[in-house]
Each structure stands twice: as C-alpha cells, then as structure tokens.
Amino acid sequence: MQYAIVTGASRGLGEAIARQYILQNVHVIAVSRSGNEELRSLAEKQGVDFHHISCDLSRLDELDKGLDQIAEIAFQKETHYVYLVNNAGVIDPIETVGQLEADAVQKHMQVNVTAPILFVNRCLKEANDLGVSLGIINITSGAAEKTIHGWSTYSSSKAAINRFTETLALEQESKGHTIFAYSPGVMDTDMQGEIRSSSEDSFADVGKFRKLKEEGDLRSPDEVAGVLMNLLKEPKKIENGRVYKLYDLIRK
Ligand SMILES: NC(=O)c1ccc[n+]([C@@H]2O[C@H](COP(=O)([O-])OP(=O)(O)OC[C@H]3O[C@@H](n4cnc5c(N)ncnc54)[C@H](OP(=O)(O)O)[C@@H]3O)[C@@H](O)[C@H]2O)c1
C-alpha cells in the first residue's frame, strides 16, 4: 500500500500533485486549513483513500496534532511506501527589511521551514521503525538562489529548505529513501496573485510579474505536477539531495 502526504493540497500546485497521485491509485493525505471536495470525489471515483487533515501549519500545537493523525493513517503494517510532499508555502511578507512585522516573519518561517523539517523528522522516525521506504519531495523556489528586492524572507526560507534537503540526503545516504527538492518555476496560482498585488515600494520587480500574467507566461500547476510525476517514474535515476528545476527537466 502506498500513501502520499501532500501539504497545501487545497489549491495550486499541491492540489495538482494530490490529483496525480489519486489518478495513480496512491492513497492521499492532504494537509491544509481548507478542504478540497473535488479531490475527495475524484478519490471516491478512483477507489482510493482520501483524508484531509485540517491543520494550520503556522501553529506548532496544530502541527503536532496533525502529525499524530497522519502517522496513524499512513504508517501501518500494510504500508510499503510513503511519499511526503512538503508543498505548503507562503510568500508573505513581501516587504523591505526595516518594514517587516514580527508576527508575519514568524508565521512565514513556521510554514516554510519549521513545518517541512518537522514533517520529515516524524515521517523518517515512523518509516525507519516500520521498515517503510520514503520519497521526500521538498518544494522550493528559484528565489532560494536569487537576491530579490522585497523577498528577503521568502528567499531565506527557500534557501533553508535547499540546505535542509542536502543535509538530510547526506545523513540518509544508502538508507533506501529518495530525497530531493523540486523548483517548479512560475505558476498560475493564488501565490502569484499575491505577488502581483504588492506595491512597487515593497517589491521593485512587481511589474515583471504582472507582465508574466498578462503575457500568459505562467504555467498551469497541472503541467508542473506532471513534470514532477515523470521524474518520479524512474526513482533509481534520482540524485538524492539535488534541487531539480522544472526548466532543466522540460529542456531534456
Ligand atoms: N506559484 C509560483 O509561481 C511558485 C513558484 C516557485 C515556487 N512555488 C512554491 O510552490 C508551492 C506551492 O505554491 P502555490 O503557488 O501552489 O501556492 P498557493 O496557491 O498560494 O497555495 C498554497 C497552499 O499552501 C497551503 N498553506 C498556506 N499556509 C498554510 C498554513 N498556515 N497551514 C496549512 N497550509 C497552508 C494553502 O492551504 P490553505 O490556505 O487551505 O491552508 C494552499 O493549499 C509553495 O511552496 C511555493 O513556495 C510557487
């Protein structure tokens, strides 16, 4: 039996990834604050289990409770493989340093950094206890490697995820788990809407992002999820710890 734990599966890329897993008959555990009835009915039609764990990842108490629920569902005697897709993410605060608010920075780091680290931590423990193999996919961003005005928090959190992925891969070398980060490029999701609504004072390059939308240059989350699924088809070829970039994968 295979499970996919997908955080942020209520919309955007997470929803598209969860849909692909359901279509591949993998049971899905979706983690987010809001639910997704379309995924639930698709799973019912496909005859796979679909669980929604309602959890605000910016709150440690909810995260702990959510992890207990997930562990109970995913790590059973019959389970042989578990995918963990750390996809939930926030872009806020888009603001220059000096104008940042403590609460927004704290929540951002909790969702983008602390939550994925603690999800991997718990799943590794459960998987190693049961002898289950894991496929860990941390969704990152090109911003991890770029310096962007107004994006200090987001670039820092995604850079942290890349380094976490590399360290994890080093520690788990030859333990049989697949571990990598996936940089999805620019996609037509709510997150891009938030980016476009920024002011030029907070984000100097906002015009470029408005143009991407106007000129139809944002990819659909379904296409981006499809590229990830193609990569997962040949797990033996995957290099643990690497950041796979959509742009490199589609150029091949
Ligand atoms: N869009 C892009 O162009 C782009 C580019 C590069 C990288 N990425 C990365 O791709 C991933 C997905 O982004 P997206 O564009 O699909 O974003 P999105 O459309 O804004 O969706 C974000 C998802 O994260 C969940 N989420 C946010 N805050 C949460 C919280 N406090 N607790 C639980 N869940 C939370 C949301 O669920 P609820 O609101 O229901 O909780 C939602 O399902 C992110 O890691 C992002 O950094 C996106």
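## The ligand and its shell

The ligand is surrounded by 31 residues, where a residue counts as near if one of its heavy atoms lies within 4 Å of the molecule. The closest are Arg11, Ser34, Asn87, Tyr154 and Thr189. This is a predicted model, in which local features need pLDDT of at least 70, side-chain atom pairs count only at pLDDT 80 or more, and totals for chains, interfaces and linings use all residues. Residues are numbered from 1 along each chain as its sequence is written, and side-chain values use heavy atoms, with hydrogens and water left out.

What kinds of residue make up the shell? There are 13 nonpolar, 13 polar and 5 charged residues. Here Ala, Val, Leu, Ile, Met, Phe, Trp, Tyr, Cys and Pro count as nonpolar; Asp, Glu, Lys and Arg count as charged; the others, Gly among them, count as polar.

Three helices each supply at least two shell residues: α1 (12-23), α5 (152-171) and α6 (190-196). The largest share, 3 residues, comes from α6. Helices are DSSP runs of H or I with at least four residues, strands are runs of E with at least two, and both are numbered from the N terminus.

## Polar contacts and cover

Which side chains place an N or O atom by a ligand oxygen? Tyr154 does so at 2.6 Å. Lys158 does so at 2.9 Å. A polar side-chain atom of Arg33 lies 2.7 Å from an oxygen atom of the ligand. For a polar contact, the pair of N or O atoms must be within 3.5 Å.

On its own, the ligand has 890 Å² of accessible area, and the protein covers 96% of that. Such areas come from the Shrake-Rupley method with a 1.4 Å probe.

## Strand β2

Strand β2 covers residues 27-32, and 6 of the 6 are buried, so the strand is largely enclosed by the rest of the structure. Buried means under 20% relative accessible area, with a 1.4 Å probe and protein chains only. His27, Ile29 and Val31 point one way from β2. Val28, Ala30 and Ser32 point the other way.

Strand β1 (residues 2-7) runs parallel to β2, and 5 bridges join them. Two strands pair if DSSP finds at least two bridges between them. Thr7 stands opposite Val31 in β2.

## Leu63

Helix α3 (residues 60-74) holds Leu63. Is Leu63 buried or exposed? Leu63 is buried, with a relative accessible area of 0%. Leaving out residues up to four places away in sequence, Leu63 touches Cys55, Asp56, Leu57, Gln110, Ala115, Leu118 and Phe119. Contact means heavy atoms within 4.5 Å.

Conventions: A polar contact is a pair of N or O atoms within 3.5 Å; within protein, one must be able to donate a hydrogen and the other to accept it, and residues adjacent in sequence count only if both atoms are side-chain atoms. Buried means under 20% relative accessible area, exposed over 50%, partly exposed in between (1.4 Å probe, protein chains only).
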